[in-house]
Amino acid sequence: MPLTSFIIDALKSLKDPESGQDIVSAGLVQGLSMTTEGIVSFVLDIKPSFIKEGGILKEEAESLIKALPEVKEVYVALTTQREKKIPSFAKENVPGIAHILVVGSGKGGVGKSTTAVNLAYAMHALGLRIGILDADIYGPSLPRLLGITGQPTSDGKTMNPIQAHGLKAMSMGFLVPEDSPMIWRGPMIQKALQQMLRQVHWGELDVLIIDLPPGTGDICLTLAQSTSLSGALIVSTPQDLALIDARKALGMFKTVDVPVLGCIENMSYFLCPHCEGRSDIFEHGGVRREAEKLGVPLLAEIPLHMKIRESAEQGIPLGANKFSEKEAHLYQELAKEVWALLS
Ligand SMILES: Nc1ncnc2c1ncn2[C@@H]1O[C@H](COP(=O)(O)OP(=O)(O)OP(=O)(O)O)[C@@H](O)[C@H]1O
Ligand SMILES: [Mg+2]
């Protein structure tokens, strides 16, 4: 790996808004790395009460490092982990899987599954080994979103995930027809989840993304308490109600010691497929303000876009074919940021 001392020297010119020390000595810079191609990434870890100043600092750090002749690209992720508690009891890892990331929301229909699938594909497009698990036992949507019709194979003990668009995918929907009503009681949910995690031949994965069912129910809690999760992303729409629900989801993850990496505002504004003009149908900036208040970074503002819905209906993630090539960037920045936060 190339030397990064010149980056550290450059970063020392920036001040920590809290202590007034330089940001390196103050311990704000973490996980600094540089590839041979000149791609630099690091985390700026700021106290939740300084999230606003952190946003400015992130931009300053980005332009400062980008201006260095040795640097081609720079990805800085802002986190507020320092005040969070470290899990006090051991949760189990899943062998072979480096990071488990859950995508949740307080209420249903905010675009959680759509976001999870498109993020998974964008991370795969970065060259990462990605798996995706649909933990929504009541309304699985992964088979539809990835256009999968087949069933996973099994040797009687372990199931093989289905390969779709470069992703390894598993869903309760593979085992249970979409229209069959099911009543799952607590212990059955626990068992089904553990089977999905531990009796599936995931192989080596950089990230397993789990699409959670809406709300703060059994499945989220069971998973968060039994499995070591690297982080959670919360999807929210701009409407106030969704924000109230998002706050509940946030509270739930905090209680079970799962670090919330950030919020994603979905259907943030309308992007016209014809003229590419932007319309702020909903009051803009609400999620950002709330996220700031809660000390959670807003990682992306994803527009309401025809191609996002059409791609979902076609069962093809955004950017996986010519149809949505141009719109793929909507999730690519998010993917880079999430990876910087995880690694
Ligand atoms: N950014 C977007 N632009 C356009 N359509 C979107 C967008 N995000 C989601 N949708 C559409 O909104 C609907 C709901 O999305 P999705 O199923 O992903 O939500 P969800 O939060 O997973 O729902 P549930 O709570 O039922 O699991 C889908 O028809 C999807 O195609
Ligand atoms: Mg869903």
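These are notes on the fold, the surface and two residues of a predicted model.

1. Secondary structure and overall size. The chain contains 11 helices and 12 strands. Its radius of gyration is 20 Å, close to the 20 Å that the globule rule gives for 343 residues, so the chain is as compact as a globular protein of that length. Along the principal axes, the C-alpha atoms occupy a box of roughly 60 × 50 × 40 Å.

2. Burial and contact range. Buried residues make up 53% of the 343 in the chain. Take the contacts between residues at least 6 apart in sequence: 74% of these join residues at least 24 apart.

3. Surface and charge. The exposed area of the chain is about 15600 Å². Carbon and sulfur atoms account for 54% of that area. There are 32 positive and 39 negative charges. The mean positions of the two sets lie 3 Å apart.

4. Glutamate 290, setting. Which helix holds this residue? Glutamate 290 sits in α9, which spans residues 286-294. Its relative accessibility is 16%. Buried means under 20%, so glutamate 290 counts as buried.

5. Glutamate 290, partners. Setting aside residues up to four places away in sequence, glutamate 290 touches Leu243 and Arg247. With arginine 247 there is also a polar contact between side chains, at 2.9 Å. A charged residue of helix α9 is thus both buried and paired through its side chain with arginine 247.

6. Serine 268, setting. Is serine 268 buried or exposed? It is buried, at a relative accessible area of 0%. The residue belongs to strand β10, residues 260-271.

7. Serine 268, surroundings. Neighbours within four places in sequence are left out here. Serine 268 then contacts Pro238, Phe282, His284, Glu301, Ile302, Pro303 and Leu304. One of these, phenylalanine 282, is 14 residues from serine 268 along the chain. The C-alpha atoms of serine 268 and phenylalanine 282 are 7.4 Å apart.

8. Serine 268, polar contact. Which side chain does the side chain of serine 268 meet in a polar contact? The partner is glutamate 265, at 3.4 Å. Both residue numbers fall within the 260-271 span of strand β10.

9. The two sites together. Glutamate 290 is buried at 16%, and serine 268 is buried at 0%. Glutamate 290 comes from a helix, α9, whereas serine 268 comes from a strand, β10. Each has a side-chain polar contact: glutamate 290 with arginine 247, serine 268 with glutamate 265.

Technical notes
Residues are numbered from 1 along each chain as its sequence is written. Chains are lettered from A and ligands numbered from 1 in the order in which they are written. This is a predicted model: local features need pLDDT of at least 70, side-chain atom pairs count only at pLDDT 80 or more; totals for chains, interfaces and linings use all residues. Side-chain values use heavy atoms; hydrogens and water are left out. Helices (H or I, at least four residues) and strands (E, at least two) are DSSP runs, numbered from the N terminus. The radius of gyration is taken over C-alpha atoms; the globule rule is 2.2 Å times the number of residues to the power 0.38. Buried means under 20% relative accessible area, exposed over 50%, partly exposed in between (1.4 Å probe, protein chains only). Contact means heavy atoms within 4.5 Å. Accessible areas come from the Shrake-Rupley method with a 1.4 Å probe; for residues, only the protein chains shown count as cover. Lys and Arg count as positive and Asp and Glu as negative; His and the chain ends are not counted. The place of a charge is taken as NZ of Lys, CZ of Arg, CG of Asp or CD of Glu. A polar contact is a pair of N or O atoms within 3.5 Å; within protein, one must be able to donate a hydrogen and the other to accept it, and residues adjacent in sequence count only if both atoms are side-chain atoms.
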